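Subject: Handing over the structure, with notes on what was found

Dear colleague,

I am passing this structure on to you, and you will find the sequence and the model just below. My notes follow, arranged by topic so that you can read them with the model open.

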Amino acid sequence: PQPGLARLMAYLDSRGVRKTICTRNFDVPVQGFLGKFLAGSVFDPIVTRDFRPPKPDPAGILHIARSWGLVDESTGEPDASGLIMVGDMIDDMTAGRKAGAATVLLVNDVNRAIAEHANGLVIDKLDDLVAILEEGFEGREIV
């Protein structure tokens with residue numbers, strides 16, 4: 001698990017914040033990870049690599065928005081503007097941005113080079129989000 005995962009999930013769970021997963025992994029490893037590290041936390045829906053088209057296409061995130069009832073009333077289209085996409089790959093950031101969600105890049109030794117090109121917030125460990133969410137998250141406007 002990424003550093004800070006347990007603390008962030010405990011924070012989100014204590015506040016009733018809905019969580020989902022949008023990954024390129026298969027269902028079996030995702031379920032194994034959840035059972036081992038996040039038993040008791042609810043993630044719904046879980047979008048895996050079986051979902052088409054995969055990231056960096058925004059379809060998975062838009063599917064999540066629709067399943068949560070986040071829909072633009074005037075167009076009937078899913079509205080992901082109230083979502084935050086947290087990931088560690090450029091495809092995560094691209095999918096989030098294209099969907100209209102705020103993005104948070106979790107940097108590590110492997111992806112540090114893309115941090116300067118990130119179009120949203122950049123953090124070093126997941127529980128860095130706790131203070132950010134407490135103070136009110138604001139995504140960066142992309143022009």
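Where is the place of proline 53? Proline 53 sits in the loop that runs between β2 (46–47) and α3 (59–67). Please bear in mind throughout that this is a predicted model.

The bond leading into that proline deserves a look, since the peptide bond from arginine 52 to proline 53 is cis, with omega near -10 degrees. A cis peptide bond also joins lysine 55 and proline 56, here with omega about 20 degrees, and proline 56 likewise lies in the loop between β2 and α3. As background, most peptide bonds are trans.

Following the chain from that loop brings you to α3, whose buried residues are Ala59, Gly60, Ile61, Ile64 and Ala65. These buried residues of α3 pack against β1, β2, β3 (84–87) and α4. After α3 comes glycine 69, which has a positive phi, near 80 degrees.

Turning to the interior, the largest nonpolar core has 18 residues, and those that touch the most other members are Leu8, Met9, Leu34, Leu38 and Phe43. The elements giving two or more residues to this core are α1 (5–14), α2 (27–37), β4 (102–106) and α5 (128–135), and the largest share, 5 residues, comes from α1. There is also a second, separate core of 12 residues, which includes Val47, Ala65, Trp68 and Ala99. In general terms, nonpolar side chains tend to be buried together in soluble globular proteins.

Which residues does leucine 8 touch, leaving aside residues up to four places away in sequence? They are Leu126, Asp127, Leu129 and Val130.

Helices α1 and α5 also meet as a pair: their axes come within 8 Å and cross at roughly 30 degrees. Because angles under 35 degrees count as roughly parallel, α1 is described as roughly parallel to α5. On the α1 side the contact is made by Arg7, Leu8, Tyr11 and Leu12, and on the α5 side by Leu129, Val130, Leu133 and Glu134. Sorted by class, the contact of α1 with α5 has 6 nonpolar, no polar and 2 charged residues.

Aspartate 127 is found in the loop between β5 and α5, and at 15% relative accessibility aspartate 127 counts as buried. Not counting residues up to four places away in sequence, aspartate 127 touches Pro3, Gly4, Arg7 and Leu8. Aspartate 127 also belongs to a network of salt bridges that links Arg7, Lys125, Asp127 and Asp128.

How many salt bridges does the structure hold? It holds 8 salt bridges, and I describe some of them individually here. In one of them, the side chains of aspartate 13 and lysine 19 meet at 2.5 Å, N to O; aspartate 13 is partly exposed, with a relative accessible area of 34%, whereas lysine 19 counts as buried at 9% relative accessibility.

Another salt bridge is formed by the side chains of aspartate 91 and arginine 24, at 2.9 Å, N to O. This pair links distant parts of the chain, with aspartate 91 in helix α4 (residues 90–99) and arginine 24 in the loop between β1 (21–22) and α2, 67 residues apart. Aspartate 91 is buried, with a relative accessible area of 17%, while arginine 24 is partly exposed, with a relative accessible area of 33%.

A further salt bridge brings together the side chains of arginine 112 and aspartate 124, at 3.7 Å, N to O. Arginine 112 lies in the loop between β4 and β5 (121–123) and aspartate 124 in the loop between β5 and α5, so the pair ties together parts that are 12 residues apart in sequence. Arginine 112 counts as partly exposed, at 43% relative accessibility.

Finally, a note on alanine 131, which is found in helix α5 and is partly exposed, with a relative accessible area of 42%. The C-alpha atoms of alanine 131 and serine 14 are separated by 14 Å, and these two residues are 117 residues apart along the chain.

With best wishes

Conventions: Residues numbered from 1 in each chain as written. Predicted model: local features only at pLDDT ≥ 70, side-chain atom pairs only at ≥ 80, totals over all residues. Heavy atoms only, no water. Helix = DSSP H or I, 4+ residues; strand = E, 2+ residues; numbered from the N terminus. Core = buried A, V, L, I, M, F, W, Y, C linked by side-chain atoms within 4.5 Å. Buried < 20%, exposed > 50% of the residue type's maximum accessible area, 1.4 Å probe, protein only. Contact = heavy atoms within 4.5 Å. Salt bridge = Lys/Arg side-chain N within 4 Å of Asp/Glu carboxyl O. Axes fitted to C-alpha atoms, helices over the stretch in contact; angles between N-to-C directions. Parallel < 35°, antiparallel > 145°, perpendicular 65-115°, else oblique. Nonpolar A, V, L, I, M, F, W, Y, C, P; charged D, E, K, R; others polar.
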